[in-house]
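Let's take a walk through a protein model together. Have a look at the sequence and the 3D view, and then we will go from one pair of helices to the way the chains meet.

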Number of protein chains: 2
Amino acid sequence: MSRVKLIQVKEGVLAENAEKAESMRERLRGKGTFLLNLMASPGAGKTHLILETIRVLGGQWRIGVIEADLDSSVDAERVAETGVCAAQISTGGLCHLDASMVDQGLRALGEEDLDLIILENVGNLVCPAEFDTGAHVSAMILSLPEGDDKPRKYPLMFSACRALVVSKTDYAALADFDVDAVRQSVQRLNPDMPVFPLSCRTGEGVENWTDWLTDRIEKEIGPRNTPLNPA
Amino acid sequence: MSRVKLIQVKEGVLAENAEKAESMRERLRGKGTFLLNLMASPGAGKTHLILETIRVLGGQWRIGVIEADLDSSVDAERVAETGVCAAQISTGGLCHLDASMVDQGLRALGEEDLDLIILENVGNLVCPAEFDTGAHVSAMILSLPEGDDKPRKYPLMFSACRALVVSKTDYAALADFDVDAVRQSVQRLNPDMPVFPLSCRTGEGVENWTDWLTDRIEKEIGPRNTPLNPA
């Protein structure tokens, strides 16, 4: 009985959220700002991938980061150390981000002066996949130590994303992880999803990811004609 | 606005769930059956720890396992290969287990003939911590590759559990993980929580965990006077 009640409320909340998300996506597009939503399990390396993405693309795009966490600002502090603007959303224990929460983050960050905003969602392979954040693209990370059976166990997340980063490839000697098996599982759930194995520790493979992301940004908001001048 | 609505429903659901959980806990105690709820991130090694626990304690207690998953029965199949009874709960995309779902699992498994039932919750460090499953004890796993900052980021989970298993210690050479730092963070959240570093791959440290678990079972349902005769 309680499950039925929950689902009825959820559908209303999801519909309201989808409408809000679509209007945010349009607003950002109008301002030439691309929003990327990054999702993964706890400890898969979301913050580390954001830091590597800033390292590679920071000279090309004006980047901002919105970090979400249940109760701390550890990640925003790490990102701010790179000199990039970071906002922290504290969800107060909530397990996902919705469009309204992201909107608060965007307004705190100041979306006008940014080309690329990266949203680090709550570490969770379940709930965040259900809520449209207003992002132009959602991507996810699966780390080698988590195991190659995850697409079978969290199919909605693997279906909801446009790209899969397979992180921590430097753990290959220890982890019993078959990248080709993951490609095959993903192919069944989401035939067009590219898979980018990489290691943020060694840098290997990171540019395949950032090249893909650059392409997505340019398709959405157009190319940047002049490179940024580092301050 | 949608957040307020969600919270109001949630409180009613949580209260109803807590009542159901308490009555299940009593029912199991009356039958001499101990229920352990095991929680962790995806890929932290819940199923592997269950397999090791069966290996060490399977001669001492009659064990059953309830596996929860969004959409697959991968884990129950692995457990059933040991010869132990396993039931699979498919949550249909739901991010946690509540007492009613566990009750369905218990009835499918047949609680009468078992001393120890291990419940593998959905892989998620957020939502499962909020729902009483009816277990006598909840324990959690944090794996080395996830990183030692997790107690600061998922405080409710670390507060809700009675023991912390730090798994995959065989990754120590690669993972930048400080077990003492975790002990200190945990101490602040949950002063009486023991921490058991172990590797299911090498077996190192597993008996510290199973000794603690045995002690908890005996406190709840009394000691087993005669060892089991393996069939």
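Which residues in α2(A) meet residues in α8(A)? Keep in mind as you look that this is a predicted model. On the α2(A) side you will find A:E52, A:T53, A:V56 and A:L57, and their partners in α8(A) are A:V206, A:E207, A:T210, A:L213 and A:T214. Sorted by character, the residues of this contact are four nonpolar, three polar and two charged.

Now step back to the helices themselves. Two packed helices are described by the angle between their axes and the distance between the axes. Here, helix α2 (residues 46–57) and helix α8 (residues 206–221), both of chain A, have axes that come within 10 Å and cross at roughly 70 degrees. Angles of 65 to 115 degrees count as roughly perpendicular, so that is how α2(A) and α8(A) lie to each other.

Next, turn to the two chains. Two copies of a chain are related by a rotation about an axis and a shift along it. For this pair, a turn of 180 degrees with a shift of 0.0 Å along the axis lays chain A on chain B with an RMSD of 0.0 Å. The two copies are therefore related as by a two-fold rotation axis. To find that axis from chain A, look for A:N124: its C-alpha is the nearest in the chain, 3.0 Å away.

Finally, where do the chains touch? Chain A gives 37 residues to the contact, and chain B gives 37 residues. In chain A, the elements that supply two or more of them are α1 (2–31), α5 (150–153) and α6 (155–160), with the largest share, seven residues, coming from α1(A). This side of chain A holds 17 nonpolar, ten polar and ten charged residues. Because 100% of the interface residues of chain A are also interface residues in chain B, the copies meet through the same surface.

Note on methods: Residues are numbered from 1 along each chain as its sequence is written. Chains are lettered from A and ligands numbered from 1 in the order in which they are written. This is a predicted model: local features need pLDDT of at least 70, side-chain atom pairs count only at pLDDT 80 or more; totals for chains, interfaces and linings use all residues. Two residues are in contact if their C-beta atoms, placed from the backbone, lie within 7 Å. Helices (H or I, at least four residues) and strands (E, at least two) are DSSP runs, numbered from the N terminus. Ala, Val, Leu, Ile, Met, Phe, Trp, Tyr, Cys and Pro count as nonpolar, Asp, Glu, Lys and Arg as charged, and the others, Gly among them, as polar. Copies are superposed by least squares on the C-alpha atoms of residues with pLDDT of at least 70 in both. Axes are lines fitted to C-alpha atoms, for helices over the stretch in contact, and angles run from 0 to 180 degrees between N-to-C directions. Angles under 35 degrees count as roughly parallel, over 145 as roughly antiparallel, 65 to 115 as roughly perpendicular and the rest as oblique.
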